[in-house]
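Subject: Model handover and findings

Hello,

Here is the structure we talked about. Please load it and follow along with the notes underneath.

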Amino acid sequence: MTATFNTPQEMPYGPAHPLQVLDLYRQCSDPDAYWVTFIHGGAWSDPEMTKSGGHPLIRSLLPKYPRLNAASINYRLSPHPRYPSNGNAAKHPDHIDDVRLALSFLQERYSMRREKTVLVGHSAGAYMAFQVDAGCGAAAAVVVGIGGVYHLGRLVEEYADYEGFVERAFGGGWRQVDAEGLAEVEDGGKGGGRVVLVHSSQDELLSFGQSRYWAGVLRGRGRVVKEVYGAMGNHNEAPKGTELVGVVEAELEELEMESAKGN
Ligand SMILES: N[C@@H](CC(=O)c1ccccc1NC=O)C(=O)O
């Protein structure tokens, strides 16, 4: 059993590219198992940011919840100026297509169910978690964004320097992409899941602006939103910290309580 916590199985979920792989931690084969699924950040392009960014969170949770499985997803990346010859050439919608494919793979192959899933996204991964949410109804019972990007237009307005990575990931038409997500974001009344937006006050790359804005949009759609702001380390430390573990634990416990009431 212990081995499961430390050594995930690396599984290809798509045929086209070596980045179409995910790390699977499966300790419960029951179809009613809970799932925590992690989408890493890195501005859609940083090859140093990978699925292993989700390991600390997952490894803290698994020993406490025997009925929990987890996965952390890699996806194709866009070119990065510090790594000009790494061959990464993805452009929107490649990244999000891969994330959707990975989630379908988990649903079909391992019976991961939306009502049992907490989807966690960091930074650009948080943007993708809500693209999934918008595109297929309630993607997960709970979506947790940490240090998230939620609106590209507002991001570039606040940080002009970030336009470069936004354009490399989305191309010249990047301003359209927010509109798609905003138009389709799921309504709370129609089954859209709970949301927790987590943001560290020590985040050196993003202010609270994105999280505050997004909380307002989601509440306007009738979604239940918690905002968690506090000192949780810098942008890349926060998703590895104990605060995020506590947030996800509380959500898992709420899901367990809801399911006990339903039975
Ligand atoms: N680590 C990235 C930068 C990065 O990830 C980033 C920078 C500013 C705002 C958000 C970021 N990441 C979001 O996924 C890089 O070095 O290119």
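**Domain record**

UniProt, in an unreviewed entry, places the feature "domain: BD-FAE-like" at residues 23-129. UniProt positions follow the numbering used here, feature names are shortened, and annotations may be inferred rather than shown by experiment. The span 23-129 is 28% helix and 20% strand, and its end C-alpha atoms lie 17 Å apart. Helices (H or I, at least four residues) and strands (E, at least two) are DSSP runs, numbered from the N terminus.

This is a predicted model: local features need pLDDT of at least 70, side-chain atom pairs count only at pLDDT 80 or more, and totals for chains, interfaces and linings use all residues. Residues are numbered from 1 along each chain as its sequence is written, and side-chain values use heavy atoms, with hydrogens and water left out.

**Strand β5**

Start with β5, residues 117-122. Of its 6 residues, 6 are buried (under 20% relative accessible area; exposed is over 50%, partly exposed in between; 1.4 Å probe, protein chains only). In a regular strand the side chains alternate between the two faces of the sheet. On one side of β5 sit Thr117, Leu119 and Gly121; on the other, Val118, Val120 and His122. Both faces are covered.

β5 has parallel partners. β3 (residues 34-39) pairs with β5 over 5 bridges; two strands pair if DSSP finds at least two bridges between them. Val36 has Val118 as its bridge partner in β5. β6 also pairs with β5 in the parallel sense, over 5 bridges. There, Val120 stands opposite Val144 of β6.

**Active-site annotation and largest pocket**

Which residues carry the UniProt annotation "active site"? Ser123, Asp203 and His235, again from an unreviewed entry. They are spread over 113 residues of sequence, yet they cluster in space, with a largest C-alpha distance of 10.7 Å. Of these residues, Ser123 and His235 are in the lining of the largest pocket. Ser123 lies in the loop between β5 and α4. Ser123 counts as buried because its relative accessibility is 7%.

The largest pocket has a volume of about 380 Å³. Its lining has 20 residues; Gly42, Ala43, Asp46, Phe165 and Leu205 lie nearest its centre. By class, that lining has 11 nonpolar, 6 polar and 3 charged residues. Ala, Val, Leu, Ile, Met, Phe, Trp, Tyr, Cys and Pro count as nonpolar, Asp, Glu, Lys and Arg as charged, and the others, Gly among them, as polar.

How the search works: on a 1 Å grid over the protein atoms alone, a cavity is a set of points where a 1.4 Å probe fits but cannot get out, and a pocket is an open set with protein on both sides within 12 Å along at least five of seven lines; lining residues have an atom within 4 Å of a point. Grid points are joined across faces, edges and corners, and a volume is the space filled by probe spheres set on the points.

**Cavities**

The whole structure holds 2 cavities of 30 Å³ or more. The largest has a volume of about 110 Å³. Its lining is Tyr127, Phe130, Gln131, Tyr150, Val177, Asp178, Gly181, Leu182 and Trp214. α4 (124-135) and α7 (175-184) each supply at least two of these residues. The largest share, 4 residues, comes from α7. The split is 6 nonpolar, 2 polar and 1 charged.

The second largest cavity has a volume of about 30 Å³. Tyr34, Tyr65, Arg67, Leu68, Leu252 and Glu256 line it. That makes 4 nonpolar, no polar and 2 charged residues.

**Aromatic pairs**

How many aromatic pairs does a search of the whole structure find? It finds 12. Rings of Phe, Tyr and Trp (its six-membered ring) pair if their centres lie within 6.5 Å; planes under 30 degrees apart count as stacked, over 60 as edge-to-face and the rest as tilted.

Tyr127 and Phe170 form an edge-to-face pair, 6.2 Å centre to centre with 70° between the planes. The pair links distant parts of the chain: Tyr127 is in α4, Phe170 in α6 (residues 163-170), 43 residues apart. Tyr127 has 5% relative accessibility, so Tyr127 counts as buried. Phe170, at 8%, also counts as buried.

Phe130 and Tyr150 form an edge-to-face pair too, at 5.7 Å and 75°. Phe130 is in α4, and Tyr150 is in the loop between β6 (142-146) and α5 (152-158), 20 residues apart. Both Phe130 and Tyr150 are buried.

Finally, ring pairs link Trp44, Tyr127, Tyr159, Tyr162, Phe165 and Phe170 into a cluster.

Best wishes
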